[in-house]
Amino acid sequence: MDGFNWQGGQAYRPLGGWVERPDDLQPQLDGDVSADVVVAGGGFAGLSTALELAARGAKVIVLEREFAGFGASGRNAGYLAGGQGLEYDLFLKRVGHQQAREIVRFYDEGVDYVERKLAEYAIDCDYNASGIIRAGVHPSQERKLRKSMRTGVQLGSPGEFLDYAAMRARGIPPAFLFGCHVPRGGTLDPGKYVLGLRRAALRAGVKLYENTPVLSWDEGPTVRVRTAKGSASAPFLVLATNAYTPQLGLLRNKVMPLRVSAIETEPLSSAQLASLGWPRREGIVTSHWTMESHRLTARNTLVLTTKRLRYIYGAQTPNVPDEASYRALARALHERFPMLGGVAIRSCWSGYISLAYDALPVVGAAGADRNILYTAGCSGHGVGTQSLMGLLLAERIRGAEHPLLSALHHRTPSTLPEPLQWCAVNSALGVANMMDDRVNRKARYAARS
Ligand SMILES: Cc1cc2nc3c(=O)[nH]c(=O)nc-3n(C[C@H](O)[C@H](O)[C@H](O)COP(=O)(O)OP(=O)(O)OC[C@H]3O[C@@H](n4cnc5c(N)ncnc54)[C@H](O)[C@@H]3O)c2cc1C
């Protein structure tokens, strides 16, 4: 019945579809070293922090378990998106309108920050500043989409409703019936972006040790970080390990890792591209409870992500395939783009985001000396926000608190202990899937009639 082309395990890529292990892999830490700041984790957050600190004259060490870009930063969908379409319902009442406005400004500023840094570090990552469309595939999604758009606008982030005619006038593929166009941001190649940050950091004199997991640390005015073959000491430690942080014993009761999956098609032929229309190639996300994201890449492939999220018992993050999610994404590909005639899937992969129960960033300081800084959360919005976090953390370390960092102060709700968390999260995700499947059935029925 489905008729889509699914190759199963053949297409799985353990490092995701955008990056390979770098040829200039940096050496593992061997011995005892010291610096002004030690950063754990080489994703957008860790590399941006290191770059901002280096620009302020600090000596910085980055310790990365695999290679810089291994985590979500090298695996995401590449939407550089701001504060429109956030999960407002989860935090608006908790923080109030004024702080919510500041938080939305933080997300929007994340977009501007990345745009500035791409130019400053001369990173070519195929950025297409097309804006983003949050779209509906069935009329039953319109109310929720309009409400979310209105809230975003009230909180200061622009968005414009596109009805059926406006969507067709833009050449958006017909499965997407209406939408909210968010003018800010667009899509980029996240692999090129994170490896560009890695290159910029090496150029700026940041000392990067790869294949070097942080194992533990000793607190104190100088933090001593232990690795398999040595240690790195500094007055500050920045934990930029995001979804992997709970495994280090921190934020276990604040964030949970969620597995997000992606598929990518073979490059589309000119005829297939022409059949899509889509001249501006805006990144499209749907207004399902668990969204679908659909975007074209500079290599003329289609990348689809999300649709199914997974929580693994005990906040684990195994780097393994998620066949059920790839199958669900392949089905969405077939249903949203029937004109592609079952185009083959060339790769599929998964990665981990971290999510707080209120969906807000989790940033702060730990340790008796408050010199162990951490940044996590930002869930599926980390391209802009975790990059901007580098500036905020660097300023904090240099003794000045940026107003956007102050804006993020709030009480993160505590997560449930296991096995309650596993039961609660997977039940909630199951309910979201059921509601989304219902919408999809209605959309399928409407498309046939
Ligand atoms: C499939 C997918 C699609 C997504 N799509 C989007 C999108 O379109 N737009 C968007 O804004 N966001 C998206 N996200 C989320 C976004 O990618 C993340 O929020 C962001 O990359 C997080 O950056 P980070 O630097 O905080 O963490 P990460 O990139 O995960 O970096 C953490 C690093 O820490 C390292 N590490 C872990 N443990 C240790 C240790 N013990 N010692 C040393 N190093 C360690 C890891 O190897 C990793 O390199 C998506 C995520 C996924 C998985």
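Leaving aside its neighbours within four places in sequence, which residues is His181 in contact with? I shall begin with that question, and then turn to the sheet and the ligand. Please keep in mind that we are looking at a predicted model.

His181 belongs to strand β7, which covers residues 178-182. Beyond its neighbours within four places in sequence, His181 is in contact with Ser130, Gly131, Ile132 and Ile133, with Gly159, Glu160 and Leu162, and with Arg170. The side chain of Arg170 also makes a polar contact of 3.5 Å with the side chain of His181. Is His181 buried or exposed? Its relative accessibility is 10%, and because buried means under 20%, His181 counts as buried.

Let us now consider the sheet. It is an open sheet of 6 strands, and the pairing is mixed. Reading across, the order is β9-β3-β2-β13-β20-β19. At the edges we find β9, residues 207-209, and β19, residues 362-366, each of which pairs on one side only. On average, neighbouring strands in this sheet are turned by 15 degrees against each other, direction ignored.

One pair of strands deserves a closer look. β19 and β20, the latter comprising residues 372-376, run antiparallel and are joined by 5 bridges. Within this pair, Ala365 stands opposite Leu373 of β20.

Two helices accompany these strands. Helix α9, residues 382-397, packs on the sheet and touches β2, β13, β19 and β20. The direction of α9 makes about 165 degrees with that of β20. Helix α1, residues 44-55, lies across β2, β3, β13 and β20. Relative to β3, which spans residues 60-63, α1 runs at about 170 degrees.

Finally, I come to the ligand. Which residues come nearest to it? There are 35 residues around the ligand, and of these Glu64, Ser73, Val214, Asn242 and Val383 come nearest.

Several backbone atoms also deserve mention. A polar backbone atom of Ala77 is 3.0 Å from a nitrogen atom of the ligand. For Gly380, a polar backbone atom is 2.9 Å from a ligand nitrogen atom. In Gly382, a backbone N or O atom lies 3.0 Å from an oxygen atom of the ligand. How much of the ligand does the protein bury? Taken alone, the ligand exposes 1000 Å², and the protein buries 97% of that. The elements giving two or more residues to the shell around the ligand are α1, β18, residues 345-355, and α9.

Thank you for your attention.

Notes:
Residues are numbered from 1 along each chain as its sequence is written. This is a predicted model: local features need pLDDT of at least 70, side-chain atom pairs count only at pLDDT 80 or more; totals for chains, interfaces and linings use all residues. Side-chain values use heavy atoms; hydrogens and water are left out. Two strands pair if DSSP finds at least two bridges between them. Helices (H or I, at least four residues) and strands (E, at least two) are DSSP runs, numbered from the N terminus. Axes are lines fitted to C-alpha atoms, for helices over the stretch in contact, and angles run from 0 to 180 degrees between N-to-C directions. Contact means heavy atoms within 4.5 Å. Buried means under 20% relative accessible area, exposed over 50%, partly exposed in between (1.4 Å probe, protein chains only). A polar contact is a pair of N or O atoms within 3.5 Å; within protein, one must be able to donate a hydrogen and the other to accept it, and residues adjacent in sequence count only if both atoms are side-chain atoms. A residue is near a molecule or strand if one of its heavy atoms lies within 4 Å of it. Accessible areas come from the Shrake-Rupley method with a 1.4 Å probe; for residues, only the protein chains shown count as cover.
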